[in-house]
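Thanks for sharing this one; here are my notes, meant to be read with the viewer open. I have kept them short and numbered for easy reply.

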Amino acid sequence: MTIYWPNYYKDFKCKAGNCLHTCCAGWVIGIDEKSLKRFEGEPEVASRISDGCFVLKDNGRCPFLRDDNLCEMILKHGEDFLCDICKEHPRFYNAFDDHTEAGIGLVCEEACRLVLEAEGPFELVADDGSKMELPDYVKVIFDTSKPLTEKLSAISGGRRANSKIRSEIFDEMEVMDPKWTKLLSKVIEAPVSEEDENKAVLENEKALTNFAAYLLYRYKGAGRFAAESVYLLSDLIVKGCGLLDVARVFSCEVEYSDINIDQALETFA
Ligand code: SF4
């Protein structure tokens, strides 16, 4: 089946030892069956697995992650030796009847930079060079004849939570990092007006358009969710957060918890 990728994917390369927010720490790393079998033949790997997962160190780091943030397993056995989750992260796939739409998740700082800094609408390109048109629900957000605020209103059917309620909704979700709760509490304690939200949206229009497009693409046209997420980011920008940083943290907290993403999509359906 043909897999289409946004054209910026060709520029994606893991920052490895230069990554400031390595994905090899702070998560449960579940190993697929095939890799588990392969690892059984390597005692120094097998001894660091329990219940199908790598046994993380006390500081939450993968046991194969060296102090210089390079992977001991890759250095010793090569990238092909890795289990699926380590090989695939931060890629995601949406399967359709006749093709697959793939992408890279904002939880990875390099993916986040590439996605948010992209120029204009992305193209969907397969390995053989064939292209696929962007779905209409993604195209609308790149319409340059309207400001982003107007397009957000259109994709959310004119519905919009106020900043306090929106942050409270996200705050009720499973927390991956307590710093996220602290950020949300800034908005809950001193809500941001719609006027200030709109100003932040328009001041960061290119990156927030890319952010909305990413969510629309990944969650198949979930317009209200995309709009509320853009406004949440704009609230946090008003509170002094950096856009790239807060988009990455949002992705980690909301997208990379199955419970949270289901809840967010359902709440903002
Ligand atoms: S977060 Fe991204 S850049 Fe950093 S180590 Fe993971 S895949 Fe590489």
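The points below go from the cores to helix packing, aromatic pairs, backbone details and two buried loop residues.

1. A word on the source before anything else: this is a predicted model. Please read every value below with that in mind.

2. Let me begin with the interior. The largest nonpolar core has 62 residues, and F211, F225 and F250 are the members that touch the most others in it. A separate core of 15 residues lies apart from that one, with I31, L36, V45 and C71 among its members. As general background, nonpolar side chains tend to be buried together in soluble globular proteins.

3. F250 is a good residue to centre the view on. Beyond its neighbours within four places in sequence, F250 is in contact with the aromatic residues F170, W180, F211 and F225. The same set of contacts includes L215, L232 and L233, as well as S229 and E255.

4. Next, which helix does helix 9 cross at roughly 85°? The partner is helix 12 (residues 223-238), and its axis comes within 9 Å of the axis of helix 9 (residues 178-189). The two helices are therefore roughly perpendicular to each other. Helix 9 brings W180, L183, L184 and V187 to the contact, while helix 12 brings L232, D235 and L236. By class, these residues are 6 nonpolar, no polar and 1 charged.

5. A second crossing is worth a look alongside that one. Helix 7 (residues 148-155) and helix 10 (residues 194-203) have axes that come within 9 Å and cross at roughly 115°. Helix 7 and helix 10 are therefore roughly perpendicular to each other. From helix 7 the contact uses L148, T149 and L152, and from helix 10 it uses N198, V201 and L202. Here the classes divide into 4 nonpolar, 2 polar and no charged residues.

6. On to the rings. The model has 16 aromatic pairs. One of them joins F39 and F81, with 5.2 Å from centre to centre and 50° between the planes, a tilted arrangement. F39 sits in helix 1 (residues 33-40) and F81 in the loop between helix 3 (72-77) and helix 4 (84-88), so the pair ties together parts that are 42 residues apart in sequence. Both F39 and F81 are buried.

7. How are the planes of F211 and F250 arranged in their aromatic pair? They are edge-to-face, with 75° between the planes and 5.5 Å between the centres. This pair links distant parts of the chain, since F211 belongs to helix 11 (residues 205-218) and F250 to helix 13 (residues 243-255), 39 residues apart. Both residues are buried. There is also a cluster linked by ring pairs, made up of Y8, F92, F122, F142, Y214 and Y217.

8. Some backbone details deserve a check in your own tools. The peptide bond from H89 to P90 is cis, with omega near 5°, and P90 is placed in the loop between helix 4 and strand 4 (91-95).

9. Two non-glycine residues have positive phi. D51 has a phi of about 50° and lies in the loop between strand 2 (49-50) and strand 3 (53-54). D51 is exposed, at a relative accessible area of 79%. K220 has a phi near 50° and is found in the loop between helix 11 and helix 12. Is K220 buried, exposed or partly exposed? K220 is partly exposed, at a relative accessible area of 42%.

10. C62 is a buried loop residue, with a relative accessible area of 8%, in the loop between strand 3 and helix 3. Its C-alpha atom is 8.0 Å from that of I29, which is 33 residues away along the chain. Not counting residues up to four places away in sequence, C62 touches C24, I29, F54, L56 and K57.

11. Finally, G105 lies in the loop between strand 5 (99-104) and helix 5 (109-117) and is buried, with a relative accessible area of 0%. Setting aside neighbours within four places in sequence, G105 is in contact with P90, F92, A111, Y214, R218 and Y256. From G105 to C252 the C-alpha distance is 9.2 Å, with their positions 147 residues apart in sequence. Among these contacts, P90 is the residue that follows the cis peptide bond from H89, and F92 and Y214 belong to the ring cluster.

Technical notes
Residues numbered from 1 in each chain as written. Predicted model: local features only at pLDDT ≥ 70, side-chain atom pairs only at ≥ 80, totals over all residues. Heavy atoms only, no water. Core = buried A, V, L, I, M, F, W, Y, C linked by side-chain atoms within 4.5 Å. Buried < 20%, exposed > 50% of the residue type's maximum accessible area, 1.4 Å probe, protein only. Contact = heavy atoms within 4.5 Å. Axes fitted to C-alpha atoms, helices over the stretch in contact; angles between N-to-C directions. Helix = DSSP H or I, 4+ residues; strand = E, 2+ residues; numbered from the N terminus. Parallel < 35°, antiparallel > 145°, perpendicular 65-115°, else oblique. Nonpolar A, V, L, I, M, F, W, Y, C, P; charged D, E, K, R; others polar. Phe/Tyr/Trp six-rings, centres within 6.5 Å; stacked < 30°, edge-to-face > 60°.
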